[in-house]
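Here are my notes for you to read alongside the picture. Keep the viewer open and find each piece as we go.

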Amino acid sequence: MAASSEQTVPLSVLLKRELAHEKIENPEIVHGQAGQSKKGEDLTLVKAECQRMVGDGVSTYSVFGMFDGHNGSAAAIYTKENLLNNVLSAIPPDLNRNEWVAALPRALVAGFVKTDKDFQEKGQKSGTTVTFVIIEGWVVTVASVGDSRCVLESSDGEIYYLSADHRLDTNEEERVRITSSGGEVGRLNTGGGAEVGPLRCWPGGLCLSRSIGDMDVGEFIVPVPHVKQVKLSTGGGRLVICSDGVWDSLPAEVALDCCRGMSPDAAAPHIVKEAVQAKGLRDDTTCIVVDVLPQEKPPVSAPQTKKPVKGMLKSMFRRKSSESSSYNDKDYVEPDVVVELYEEGSAMLSERFHTKYPVCNMFKLFICAVCQVEIKPGEGISIHEGESDSGKFRPWDGPFLCSSCQEKKEAMEGKRSSGRVSSGSDD
């Protein structure tokens, strides 16, 4: 290899280096949350010490969720209560630490789609955004639909955006996806040709392109999350997870600056206070602050002086959300900075469940990759069924879906009418 070639290091290698040196302890997770309610449709999930068995020992991980409901709170409540279990059910048992972390992105996709499918069967019309954060060791994995965002400030003061914004006003690629699938995107027509308000998806009139629920809007609004996974340096960092009530009032830099030096318990209410003071209480305004800290250090945010974002990192973390990456094609960065391990934003399940993946046997032959139900031999449908590039895959190439989840996949891709009754949405 030429001396000028850039080295690539997959997730498993990074984690094995840590284990080999046995010098890097798991971080301390300190969190705080706060909110002011306008509609009562924001919900949060905080589980700082979840445990799972690994060999003869126990591994601890943390989960934080932000759910901003619309058209009622039913979807937000259901998702808060069921999403984590659906994600964990999609992860094979008996995985070691690096396999478990590597399995998270696909398990998150499966869990989001299953939660949406199960909730829609209840016939309720509400929907919710979701920003779902799982912290295992120094690895942070964020899955998101909608516009509740998660930002990270690293220990050296650099800011990274870990979620995608699925507002039709700002996401051109999502507008193209919807119109290509047969939906329409436009503003509310008040008559006489006058159009007002944000861009919306029709039928239904939702201004978001992805969510969980919203069965009255149509299958063009999909629950497939954008997923980003990063590994922090041992200096740690601060995560700020908020509903749009905060982000519509405060840029990320302002939200982080206004609480610098505060503990998470003090920082979260201070961010909410600043957001409400900026533009008034126009929406539910909710914030979770999570500090990922080296052990035995006080819970404070990044240092007072910030370094400029390095050119490579800036381009790496501020790309358009649909650009994808894998574990093995990212440039290796020295371990003392934040390293991006994975990012994918495609709405196509066949692209999210592709076979090139660190955990090759993640999905079993006779288990649906989404809902985890058993499939009788010969009844499973390949995730690649009906693709134009059919020569690339064989009918027995998995993963496989049950007939119900295959119908869901086809509807999301505009290949099947959802049969839903459309109505207006207030989000």
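1. Start at the hairpin of strand 8 and strand 9. Just 2 residues sit between the two strands, and Gly192 takes a positive phi near 70° there. Keep in mind throughout that this is a predicted model. Strand 8 covers residues 184–191 and strand 9 covers residues 194–202; they pair in the antiparallel sense over 6 bridges. To see one pairing for yourself, look for Val185, whose bridge partner in strand 9 is Cys201.

2. Now go to the hairpin of strand 4 and strand 5. Here, too, 2 residues lie between the strands, and Gly137 has a positive phi near 65°. Strand 5 (residues 139–145) runs antiparallel to strand 4, with 7 bridges joining them. Across this pair, Phe132 stands opposite Ala143.

3. Strand 4 has other partners as well. It pairs with strand 3 (residues 57–70) over 9 bridges, in the antiparallel sense, and His70 has Gly127 as its bridge partner in strand 4. Strand 10 (residues 212–213) also runs antiparallel to strand 4, joined by 2 bridges; Thr128 is partnered there with Ile212. If you wonder what holds such pairs together, strands of a sheet pair through backbone hydrogen bonds.

4. Is strand 4 mostly covered or mostly open? Mostly covered: 10 of the 10 residues in this strand (127–136) are buried. In a regular strand, side chains alternate between the two faces of the sheet. Check both sides of strand 4, then: Gly127, Thr129, Thr131, Val133 and Ile135 are buried on one, while Thr128, Val130, Phe132, Ile134 and Glu136 are buried on the other.

5. Phe132 turns up again in the largest nonpolar core, which has 50 residues; together with Phe112 and Leu349, Phe132 is among those with the most contacts inside that core. Helix 3 (residues 97–120) supplies the largest share, 10 residues. The core also draws at least three residues from each of domain 1 (23–163 + 222–294 + 336–343) and domain 2 (347–415). As a rule of thumb, nonpolar side chains in soluble globular proteins tend to be buried together.

6. What does Leu349 touch, leaving aside its neighbours within four places in sequence? Its contacts are Val109, Val113, Val224, Val370, Ile383, Lys409, Met412 and Glu413. Apart from the largest core lies another one, of 21 residues, including Ile159, Val240, Val276 and Val289.

7. Next, find the open sheet of 5 strands. Its order is 1-13-12-6-7, with antiparallel pairing. Strand 1 (28–36) and strand 7 (159–161) are the edge strands, each pairing on one side only. From one strand to the next, the twist averages 15°. Inside the sheet, strand 12 (residues 237–242) and strand 13 (residues 285–293) pair over 6 bridges, and Arg238 has Asp291 as its bridge partner in strand 13. Helix 7 (residues 264–279) packs on this sheet, touching strand 1, strand 12 and strand 13, with its direction at about 30° to that of strand 1.

8. Last, zoom out to the whole chain. There are 10 helices and 16 strands, and 55% of the 427 residues count as buried. Among contacts with a separation of 6 or more, 72% are between residues 24 or more positions apart. The accessible surface comes to about 18,200 Å², and 49% of that belongs to carbon and sulfur atoms.

Terms used: Residues numbered from 1 in each chain as written. Predicted model: local features only at pLDDT ≥ 70, side-chain atom pairs only at ≥ 80, totals over all residues. Heavy atoms only, no water. Core = buried A, V, L, I, M, F, W, Y, C linked by side-chain atoms within 4.5 Å. Buried < 20%, exposed > 50% of the residue type's maximum accessible area, 1.4 Å probe, protein only. Helix = DSSP H or I, 4+ residues; strand = E, 2+ residues; numbered from the N terminus. Domains from an automatic or database assignment. Contact = heavy atoms within 4.5 Å. Pairing = 2+ DSSP bridges. Axes fitted to C-alpha atoms, helices over the stretch in contact; angles between N-to-C directions. Areas by Shrake-Rupley, 256 points an atom, 1.4 Å probe, with all protein chains shown as cover.
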